[in-house]
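Let's take a walk through this fold, strand by strand and then helix by helix. Have the structure open and follow along.

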Amino acid sequence: MTRLASCAVPLLVGLAAACGAPRAKLVPPPPVSPSTAIVGATLWDGTGHAPVTNAVTVVRGDRILCAGAAGECRVPHGARVIEARGQYLIPGLIDSHVHLLFLTGGSATEALGLDLRDLLAQGVTTVRDMGNNPVALLSRVSGFEAAPRVYAMQLVAGRRFFFNGFRAVQTDRGVVYRQAPALTMQWLGWSPIQYNRGEDPEAVVAAARQAGAMGLKLYAQLDSVSVRLLTAAAHRAGMPVWGHAWLQPANVGDESTAGMDGVVHAAGLAGELFTAEERDTLVNDGDLQAVTARAATAVSAHDPRILATLDSMAARGTMFEPTLDATRHSLVAYDARRRHVPSVQEAYVRAAAEFGVEIAREAVRRGVRISAGSDHVAYGPVGERASLFGELRLLVDSIALTPTAALLAATRDAARAIGGQAGSQVGTIEAGRYADLVLLSKNPLEDIDHLDSVELVMRGGRIWRPGQLRAGIAMR
Ligand SMILES: [Zn+2]
């Protein structure tokens, strides 16, 4: 109801009295600018093309309208203009391997929101969660405005992951009681689905879809036949399939041959060094660590069986997330605690660090496509969490990728790795894609460390400044 209409109704006495006073002229709010133009920056669009200096990037709503040289892209009349001369515009970064949901003293509530803000402040505008409860994760994340896009994968594992493992183990520190790995996972609030050979793989796919997952993450205790059946069923439904390397008893060769879209963890290529029968005896996570600690070395990383699997991955387009930063963090933690008896876990981490770097180098050399998933967790001391930034530094410093190649692994190729909607909607700065952008004050193509110079982050057309995100204040 307008004021004039109110004054015309005599029964509304109070309002009629108010109408007698001189009225302040109503000033309409300024029209919401329909578009934003980032002008003058050097544009690296993530498509593989060379950077464009003095570029214009126009965003309307949540989409990129146009991006290119000043002559190709016109600034629309009335657009909000962001002057970015001397700065660098790149696609929003993608971490294709995170774990955000931890119910045990972790990120169930406030800490999750802080982690999401921190990811956004680092320029990470999309993540794929590789282990979680998709329903719980997606509903919790939807409560936070300042957050990257989150895609969730559904964990799948075989019977032994759920039922084997309860046992007493004699260690240097006495008897330790272990439980089935699935139970530990469920305590975190995660919800792996059980699949056993002979069961209907379509039921797994339907359950994953029902939970809101966009793909399957095969996790453990699955044989090569199960891997093939699950992969085919998921692909029929248009869902990508990624897997832990290795799956006990299926190894990475089996995963690649089955047509899986990608595998994670460089150290998992140790599975190629064992026969299918040997792998089938490894029932618990501890078993895998113990045999990896013995078999994985800088020399065995170049074993012909491993090279054959890497060649198969390159030929079939099986993508690879080495997750080197997560191992490095574990290594640093063990290095800091020198006065102790080394455990199997420590021996595993030391072997995995050296072996994993060699594997990642071989993978790159042989043309395997890399996605820069970090295995970041939204839990525990911040300094001890793997990060996309850390993974990219390792890809440059230890694997000798150029900064440009490393950035492609965290933009265009990470979007491909996630697949589904993300594959065509994020990862590059192209007309029609989501306006997910990062503006930097220093050139990341010169030095990957310059990713720490984030000036602003745009997600779906909305602008955030790192300082404000970290201070908990948002800016529209
Ligand atoms: Zn992980």
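Start at strand S18, residues 437–440, which is covered on both faces. Leu437 and Leu439 are buried on one side, and Val438 and Leu440 are buried on the other. That pattern is what you'd look for, because in a regular strand the side chains alternate between the two faces of the sheet. Keep in mind as you look that this is a predicted model.

S18 has partners to explore too. Strand S6 (residues 88–91) pairs with S18 in the antiparallel sense, over four bridges. If you want a spot to check that register, find Tyr88, whose bridge partner in S18 is Leu440. S18 also pairs with strand S19 (residues 454–459), again antiparallel and over four bridges. Here the place to look is Leu439, which stands opposite Leu456 in S19.

Now move along to strand S7, residues 93–99. How many of its seven residues are buried? Seven of the seven are, so S7 is largely enclosed by the rest of the structure. Its pairing with strand S8 (residues 124–129) is parallel and uses four bridges, with Leu93 standing opposite Val124 in S8. S7 also pairs in the parallel sense with strand S17, residues 376–377, over two bridges. For that pairing, look at His99, which has Val377 as its bridge partner in S17.

There's an open sheet to visit as well. Four strands form it, in the order S4-S3-S1-S5, and the pairing is mixed. Its edges are strand S4 (63–69) and strand S5 (80–83), each of which pairs on one side only. Neighbouring strands in this sheet are turned by 15 degrees against each other on average, ignoring direction. As for the pairing of strand S1 (residues 35–39) with S5, that is parallel and runs over four bridges. Ile38 stands opposite Ile82 in S5, if you'd like a landmark.

On to a helix. H13 covers residues 324–336, and its 13 residues reach 19 Å from the first C-alpha to the last, close to the 18 Å expected at 1.5 Å a residue. Leu324, Asp325, Ala326, His329 and Tyr334 are buried in this helix. What covers those buried residues? Helix H14 (344–365) and helix H15 (388–397) are included in the cover.

Two residues help to place H13 in its surroundings. One is Thr323, in the loop between strand S16 (319–321) and H13. Thr323 has a relative accessibility of 3%, so it counts as buried. Setting aside neighbours within four places in sequence, Thr323 is in contact with His97, His265, Gly373, Ser374, Asp375 and Glu391. One of those contacts, His97, takes you back to strand S7, residues 93–99. Another, Glu391, falls in helix H15 (388–397), which is part of the cover over the buried residues of H13.

The other is Asp335, found in H13 itself. Is Asp335 buried or partly exposed? Its relative accessibility is 31%, so Asp335 counts as partly exposed. Asp335 and Arg350 are 15 residues apart in sequence, and their C-alpha atoms are 9.8 Å apart in space.

For another partly exposed residue, try Gln186 in helix H6, residues 181–187. Gln186 has a relative accessibility of 38%, which is why it gets that label. Leaving out neighbours within four places in sequence, Gln186 is in contact with Phe162 and Pro192. Gln186 and Leu103 are 83 residues apart in sequence, yet 9.4 Å apart from C-alpha to C-alpha.

Zoom out now to the whole chain. There are 19 helices and 20 strands, and buried residues make up 53% of the 476 residues. Of the contacts with a separation of 6 or more, 71% are between residues 24 or more positions apart. The chain exposes about 20,600 Å², with carbon and sulfur atoms supplying 55% of that area.

Finally, how confident is the predictor? The mean pLDDT of the chain is 90, and 90% of the residues reach 70 or more. Over residues 1–22, though, the pLDDT is below 50, and this stretch has seven contacts in the model beyond near neighbours in sequence. Where pLDDT is low, the predicted coordinates should not be read in detail.

Key:
Residues numbered from 1 in each chain as written. Predicted model: local features only at pLDDT ≥ 70, side-chain atom pairs only at ≥ 80, totals over all residues. Heavy atoms only, no water. Buried < 20%, exposed > 50% of the residue type's maximum accessible area, 1.4 Å probe, protein only. Contact = heavy atoms within 4.5 Å. Areas by Shrake-Rupley, 256 points an atom, 1.4 Å probe, with all protein chains shown as cover. Pairing = 2+ DSSP bridges. Axes fitted to C-alpha atoms, helices over the stretch in contact; angles between N-to-C directions. Expected span 1.5 Å × (residues − 1). pLDDT = per-residue confidence, 0-100.
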